[in-house]
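The following exercises concern one predicted model. Please work through each task before reading its solution.

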Amino acid sequence: MRNWISLQADFGDLQYRRNVYVFALKMAFLAVILSGVIIALTMPSLDLLGLLPVTLAHAIGFSAIFSWLIGGTVSGMLSLFAGFAMRDLALSRAEFEKLSRTDTLSGLLNRRAFAEALENIDGNASLVIFDVDRFKTINDRFGHGCGDAVIVAVSAMLTSAFDEVSVVARLGGEEFGVIVSGEPLEARMERIESVRARIAGGAIRAEGHDISITVSGGVADLVAERNKQAVYASADRALYLAKALGRNRVVHEREGLHHAWHGLVDNGVDGENRGPESDNVMQAYGI
């Protein structure tokens, strides 16, 4: 009986008011049926003992009527109150679950939800890690309010640029993650590059300032059976490389060691002139 009631609550999806009424009606009907069974089992015994003030047929008839009128009404009302209480709990739980998976500033998924989505990807997708270039300078120059406005604006641009098949999240600070699915790799890279160009091509209006920003991105491929942590690490290394090559660019993991070395040399990053970011990239790629 307990399991049956639980199934009715679960399958009824009590987040919707209509289903609360259906749940209450089912509970009232169940209460009346149980009352009828009890009456059918006890009345004959009471009749044999001579405890009924009326005939057995009349006693059963009156009991059935009162079961429907009183028992059904009372149990229905109690079930209705219980249903709405469970509905409130279901809504609160859903809201809590949403908040626990959502970044409050950007409205995007947070790092936890993104990690879960990443684990559920089976293949034929790309992981992109975007990072707003020189974000600390924006905060220092314009204030943290403008920094927050930049985060919100970038979040909106990423959301609009990728379809519902993709997953967009704020990983923390000025770093964003995107899982781009459902296209050939070349098409995915074109879309990722177009997002970078779109962000670099405009300015964000915040607190009376026009703030020009750029983003760097690192891309790694999600293929079947590939370890997700290895994919994330590879995308992170590609992001470091994009930063070291001058920022405002997207680097795919396949560009690897050759691109890392020649790109750093072309930018004059060698020997004594090498900076700490370049050291990190070169170490990551084994240079």
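**Exercise 1.** Identify which residues of helix 4 are buried, and state what covers them.

*Solution.* Step 1: helix 4 spans residues 111-120, and its buried residues are A113, F114, A117 and L118. Buried means under 20% relative accessible area, exposed over 50%, and partly exposed in between (1.4 Å probe, protein chains only). Helices (H or I, at least four residues) and strands (E, at least two) are DSSP runs, numbered from the N terminus.

Step 2: these four residues lie on the same side of helix 4 because they cover an arc of only 140° around the axis, the arc being that of the directions from the helix axis to the C-beta atoms. On the other side of helix 4, E119 and N120 are exposed.

Step 3: the cover over the buried residues includes strand 1 (125-132), strand 6 (215-222) and helix 8 (228-244).

**Exercise 2.** Determine which residue caps the N-terminal end of helix 4.

*Solution.* The cap is N110, with a side-chain oxygen 3.3 Å from the backbone nitrogen of R112.

**Exercise 3.** For E225 and then N248, state the phi value and the surroundings.

*Solution.* Step 1: E225, a residue other than glycine, has a positive phi near 75°. E225 belongs to the loop between strand 6 and helix 8 and is exposed, at 81% relative accessible area.

Step 2: N248 also has a positive phi, near 55°. N248 sits in the loop between helix 8 and strand 7 (250-252) and is partly exposed, at 28%.

**Conventions.** Residues are numbered from 1 along each chain as its sequence is written, and side-chain values use heavy atoms, leaving out hydrogens and water. In this predicted model, local features need pLDDT of at least 70 and side-chain atom pairs count only at pLDDT 80 or more, whereas totals for chains, interfaces and linings use all residues.

How values were computed
Contact means heavy atoms within 4.5 Å. A polar contact is a pair of N or O atoms within 3.5 Å; within protein, one must be able to donate a hydrogen and the other to accept it, and residues adjacent in sequence count only if both atoms are side-chain atoms.
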